[in-house]
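Good morning. Please have the sequence and the model open while I talk. I will go through a few kinds of contact, one after another.

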Amino acid sequence: MTARHAWTLLAAVLLAAAARMDAAVADVPSTKSLVVRADAADNELWWHHAIFYQIYPRSFMDSNGDGIGDLNGITSRLEYLKDIGVRGVWLSPFYPSPQKDFGYDISDFKNVDPTYGTLADFQEMTKKAHELELKVVVDLVPNHSSDKHEWFEKSVNREGKYTDYYVWADGKMVNGVRQPPNNWVSHFRFSAWEWNEQRGQYYLHQFVKEQPDLNYRSADVVQEMKDVYTFWMNQGVDGFRVDALPFLFEDAALPDEPLNTNQTDPEITKDDYDFYWHPYTMDDDGTYDMLQQWREVVDKHPDNMPRVIMTECYTTFPNTMRYYGTKERPGASFPFNFQFISNLDKSSSATDIKWQIDQWMNAMDDTRWPNWVIGNHDNPRVATRYPNMADAMNMISLTLPGTAMTYYGEELGMTDAFITWAQTKDPSGINAGPNRYLKTTRDPCRTPMQWDNTTPSAGFSTSHETWMPTNPNYWQLNVEAEKKDPKSHLNIYKDLTAARQTDTLKKGALATKVLKDDVLVITRSLQDKDTYITVVNVGSWAQTIESNDLLANAKLTVYSASASSSLNKGDAFSSVTLRPKTGFVVTTGSVTVSSASTAQTAVLLSVVLAFLGQLL
């Protein structure tokens, strides 16, 4: 190489580095926002643009070395949550429980299970969260209690008002043999009815048999649950996630449910929930009314603090929309949007994804606020359901308008761990049996949070044995390692949470389109503000994307890009061959490259200069 060629190369390198700092603003056509409620500008609620971070307490952080996460462990990690840009912390159940369904079988709705700490620990956690300007949302499970709850024990004995606290029914005799009242099946397989010898009746349990369904036709039960809401508001919580809401009421006549004629899996039998349709055990009118009553209790709490109610409703789209309530009688602040979990998967096309986004957004009005859920404790992790797309899925969900959810560890790209039959603890997996448990178990997505690469448990605990094994990939996917890598899943996630603070992502219009069949494009624009464009290749082949494909006559800069993308933050964008399953976000605004990225560039330049010096 000649000196002239060497200096030419050096000049090219330096110009490329300079280009990464270049930014320009293009004129963006003014369009009416499709996503901001009419009152949002003057009355924006704290949860409108929040990211809620779901913590499964058993798996987040163990403070006392018993191998199980706890409240003090959560408190010790709140600064991390503040740093990554989330706004609210949603805690899965931490109440006293026999743990037959890991906290969703509650024996006392107004206390803390000793495994997780004390009520004082909860109060300290909430206090620290509020000091960090983080909101605290608790998981309420109103459909059922534990069979060890004193209410159930008194109901078994027919003690006064408690007699009707649960759904009891006589059996029927068939050929001289006692049978359940009807063919209803539990979500976890087998009959939803359990015989109680002491009372001489069956009780309903839509989940495990140790979770008897409460009877909301009892005025006393209705008041008890309203008191639970009030109790936790008095403890300072900022909202509620309501579990299993559609199942509060059942048809009082107890008719048999019809067969699911769309079901084609040969392994599904009459003992499986999916063998039937469920018109008599879901979405009863009484359930919508009850939610509206709870909303009134929350809204009228004496402290007048704005609180959020978000609801778990795996049901049809029209029924899901009903859970918003009406302007006159509001229901949920928002029912969870499970489109990315229930209706989409790794085989979905860009058109499929666009359709699901558009369907939800087109249903929004001035009483409805959008939200996006891509993962939770009941489903395989995002990086498992959408292989190689952890960053891309976060880009989609975090640049869409409205509220977003992040399940713990998905900012790191955590994946499901393989859990053997012998290690299985989830009742859904156990009831499926050793040959089918992998289809139904939820254990793989509930493994301990991966904080660092140390043994014995990736910084989660000092114990060599944890309640669930740590995923073996913790040495690579962990908080400490990803903090140091500017193109890690974690730093990409932080870029996205920062973008959500802009006016464009809070108030801007939304446009979606598909390029070349496989490429989803999400554009957020706001007059006189920077435009942000998310581009994701969901296909199996690389696709060439030009700047003009995204926004005509605009100078675009890469704001963020998948870890496996050829693009880097700060690059001037003109064209790219976008690898399969990767994505990027570009903006018309300026982009500040992190100190980690700057240091990495400096190292690269020093290597190049040293190399050129040797040639010269």
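I will start with a sheet, go on to aromatic rings and nonpolar cores, and end with salt bridges. Keep in mind throughout that this is a predicted model.

First, the sheet. Three strands make up an open sheet, in the order β4-β8-β7, with antiparallel pairing. Which strands stand at the edges? They are β4, residues 168-169, and β7, residues 193-196. Each has a single partner strand, so one side of each is left without a neighbour in the sheet. For those new to this, strands of a sheet pair through backbone hydrogen bonds, either parallel or antiparallel. Here β7 pairs with β8, residues 201-204, in the antiparallel sense, over four bridges. If you want one position to look at, find E194, which stands opposite Y203 in β8. Please remember Y203, as I will return to that residue.

Next, the aromatic rings. Across the whole structure, a search finds 40 aromatic pairs. I will show two. One of the 40 is F152 with Y166, an edge-to-face pair with 5.1 Å from centre to centre and 90° between the planes. Why does this pair tie together separate parts of the chain? F152 is in helix α6, residues 150-156, while Y166 is in the loop between α6 and β4, so the pair joins parts that are 14 residues apart in sequence. Both F152 and Y166 are buried.

The other pair brings us back to the sheet. W168 and Y203 have ring centres 5.7 Å apart and planes at 75°, so this pair is edge-to-face. It links distant parts of the chain, with W168 in strand β4 and Y203 in strand β8, 35 residues apart. Are these two residues buried or exposed? W168 and Y203 are both buried. So Y203 has two roles in this talk: Y203 stands opposite E194, and the ring of Y203 pairs with the ring of W168.

Rings can also gather in groups. One aromatic cluster is formed by W47, W90, Y314, F334, F336 and F338. A ring can also have a charge over it. The charged end of R77 sits over the ring of W451, 3.8 Å from the ring centre. Likewise, the charged end of K135 sits over the ring of W46, at 5.4 Å from the centre.

Now the nonpolar cores. As background, nonpolar side chains in soluble globular proteins tend to be buried together. The largest nonpolar core in this model has 92 residues, and L81 and F122 touch the most other members. Which helix gives the largest share of this core? Helix α7, residues 219-234, does, with eight residues. As for L81, leaving aside neighbours within four places in sequence, its contacts are Y53, I55, F60, V86, V89 and L134. Apart from this core lies another one, of 40 residues, including F334, I353, I396 and V538. You have met F334 already, as part of the aromatic cluster.

Last, the salt bridges. How many does the structure hold? There are 26. I will take three pairs and one network.

In the pair D83 and K494, the side chains meet at 2.9 Å, N to O. D83 is in helix α4, residues 78-84, and K494 is in helix α17, residues 489-499, so to speak far along the chain: they are 411 residues apart. D83 is partly exposed, at 42% relative accessible area, and K494 is also partly exposed, at 25%.

The next pair is R322 with D285, whose closest N and O atoms are 3.2 Å apart. R322 lies in helix α9, residues 317-322, and D285 in helix α8, residues 285-299, so this pair ties together parts 37 residues apart in sequence. R322 is partly exposed, at 39%, whereas D285 is exposed, at 54%.

The last pair is E410 with R381, with 3.6 Å between the closest N and O atoms. E410 is in the loop between β13 and α14, R381 is in the loop between β12 and α12, and the two are 29 residues apart. Are these residues buried or exposed? E410 is buried, at 6% relative accessible area, and R381 is buried too, at 1%.

Finally, the network: salt bridges link D101, D378, D426, R442 and R446. That is where I stop. Thank you.

Technical notes: Residues are numbered from 1 along each chain as its sequence is written. This is a predicted model: local features need pLDDT of at least 70, side-chain atom pairs count only at pLDDT 80 or more; totals for chains, interfaces and linings use all residues. Side-chain values use heavy atoms; hydrogens and water are left out. Two strands pair if DSSP finds at least two bridges between them. Rings of Phe, Tyr and Trp (its six-membered ring) pair if their centres lie within 6.5 Å; planes under 30 degrees apart count as stacked, over 60 as edge-to-face and the rest as tilted. Buried means under 20% relative accessible area, exposed over 50%, partly exposed in between (1.4 Å probe, protein chains only). A charge sits over a ring if NZ of Lys or CZ of Arg is within 6 Å of the ring centre and within 35 degrees of the ring normal. A nonpolar core is a set of buried Ala, Val, Leu, Ile, Met, Phe, Trp, Tyr and Cys residues joined through side-chain atoms within 4.5 Å. Contact means heavy atoms within 4.5 Å. A salt bridge is a side-chain nitrogen of Lys or Arg within 4 Å of a carboxyl oxygen of Asp or Glu.
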